[in-house]
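Colleague: Could you take me through one part of this model up close, starting from a single residue pairing and working outwards? I'd like the residue-level detail, told as one connected story.

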Amino acid sequence: MIETLVHAPALGLRLWDPWTRREIASGPEVSLVADHRPDRKFALSRSPSGAHVLHAGPPVGAGPAPARIEVTDPSRQILSVTARLSLPRSGTWSFDPLAVPGAPEGSTPVFPHPSRPCPRGWVRFRADLRRESNGKPVPWAVMEVKLGTDLVAIGLSDAQGALAAALPAPPPRKRPLGLPDATPFETSAWTFSVRLRWSPDRLADDVPDLADLAAQPFVDADTSPSDALGAVFARPGDNILVSGTRPAWGAAPTDDRSSFLFLKA
């Protein structure tokens, strides 16, 4: 009689990179820390299938044991994030509340570092976020970019408030029926809307939790409505600076703060 021994990992995680539109092959360090063993990190290793897996974790009892996943990247290609879960758990764990465009079911999103080069020919949106009340940086704000009603890109500001979101150039637009031939119409140009989620609670975070990011409310920026910062016209390869006006709290006339976007918070 031949017996088959199957070794199943205690936990699996598939990290999805929105700027390459595939799972992350290398770079990030992924570990698990259990609340009852805060003194030790259990590393997840890369499997041949592309997942990060935990083969040996902290011992737990029959009941749920709170823990967190930590994702860091020494190469600064993505931003560090954490995620809460309960042990014991088997199979692939994923985080669903943050809808990242193009992410396959069962994956967990990561966010590109604002200084990371954008893929060639993509449309890139960037901003430096500040609080309107005092000019301090706004960390861990989520930027959502929409094309019509479709969410097409998402980004996260770093601890200094710098943020970037990007997407491949959408398909060419169709010329409207009945539009005279003499009327100019650009097929490779689109109008996007941008909106931001943020909560002042994130000011105290060293590394943000994915669930907390998803729960943040939409916020106003300058005089724009909270559901959209306004129409942004873009073409393939454009690098769009989403910026606001100079604040009333007093930039000197010689200071150029036009690259900052000020949130009403």
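**Starting from one pairing**

Modeller: Leu15 stands opposite Thr108 in β10. Before we go further, keep in mind that this is a predicted model. The strand to hold on to here is β2, residues 15–17, which pairs with β10 in the parallel sense over two bridges. Together with β3 they make an open sheet of three strands, in the order β3-β2-β10 and with mixed pairing. Strands β3 (22–23) and β10 (108–109) stand at the edges with a single partner strand each, so each has one side left without a neighbour in the sheet.

Now stay on β2 and look at its charged residue. The side chain of Asp17 meets that of Arg116 in a salt bridge, with N and O 2.7 Å apart. Asp17 sits in strand β2 while Arg116 belongs to the loop between β10 and β11 (123–131), so this pair ties together parts that are 99 residues apart in sequence. Are the two partners buried or exposed? Asp17 has 5% relative accessibility, so it counts as buried. Arg116 comes out at 10%, which means it is buried too.

For some context, the whole structure has ten salt bridges. Arg202 takes part in a couple of them. With Asp205, the side chains meet at 2.6 Å, N to O. With Asp212, the closest N and O atoms are 3.6 Å apart. That second pair links distant parts of the chain, with Asp212 in helix α1 (residues 210–214) and Arg202 in the loop between β15 (190–197) and α1, ten residues apart. Arg202 has a relative accessible area of 9%, so it is buried. Its acidic partners sit in another class: Asp205, at 21%, is partly exposed, and Asp212, at 33%, is partly exposed as well. Elsewhere, Lys41, Arg68 and Glu70 are linked in a network of salt bridges.

Back to the Arg116 loop, because it runs up to β11, and β11 is our way to the next strand. Six bridges join β11 to β14, and the two run antiparallel. If you want one place to look, Phe125 has Ala165 in β14 as its bridge partner. How many of the residues of β14 are buried? Six of the six are, so the strand is largely enclosed by the rest of the structure. Cover comes on both faces: Ala162, Ala164 and Ala166 are buried on one side, and Leu163, Ala165 and Leu167 are buried on the other.

Just ahead of β14 comes a spot that deserves a slow look. Ser157 lies in the loop between β13 (150–156) and β14 (162–167). Its relative accessibility is 0%, so it counts as buried. What does the side chain of this polar residue reach? A polar atom of the Ser157 side chain lies 3.0 Å from the backbone oxygen of Val138, and the side chain also reaches the backbone nitrogen of Trp140 at 2.9 Å. Setting aside neighbours within four places in sequence, the contacts of Ser157 include Val138, Pro139, Trp140 and Ala141, along with Leu129, Leu79, Ala162 and Leu163. Of these, Ala162 and Leu163 are the β14 residues we just met, where they are buried on opposite faces.

Follow the contact to Leu79 and you land in another loop, the one between β7 (65–72) and β8 (81–87). Leu79 has a relative accessible area of 7%, so it is buried. Its C-alpha is 7.1 Å from that of Asp158, although the two are 79 residues apart along the chain. Beyond residues up to four places away in sequence, Leu79 touches Leu156, Ser157 and Asp158, and also Val71, Phe111, Pro112, His113 and Pro114.

Stepping back, the chain has one helix and 19 strands. Of the contacts with a separation of 6 or more, 62% are between residues 24 or more positions apart. Buried residues make up 44% of the 265 in the chain. The chain exposes about 13,600 Å², and carbon and sulfur atoms supply 53% of that area.

Key:
Residues are numbered from 1 along each chain as its sequence is written. This is a predicted model: local features need pLDDT of at least 70, side-chain atom pairs count only at pLDDT 80 or more; totals for chains, interfaces and linings use all residues. Side-chain values use heavy atoms; hydrogens and water are left out. Helices (H or I, at least four residues) and strands (E, at least two) are DSSP runs, numbered from the N terminus. Buried means under 20% relative accessible area, exposed over 50%, partly exposed in between (1.4 Å probe, protein chains only). Contact means heavy atoms within 4.5 Å. Accessible areas come from the Shrake-Rupley method with a 1.4 Å probe; for residues, only the protein chains shown count as cover. A polar contact is a pair of N or O atoms within 3.5 Å; within protein, one must be able to donate a hydrogen and the other to accept it, and residues adjacent in sequence count only if both atoms are side-chain atoms. Two strands pair if DSSP finds at least two bridges between them. A salt bridge is a side-chain nitrogen of Lys or Arg within 4 Å of a carboxyl oxygen of Asp or Glu.
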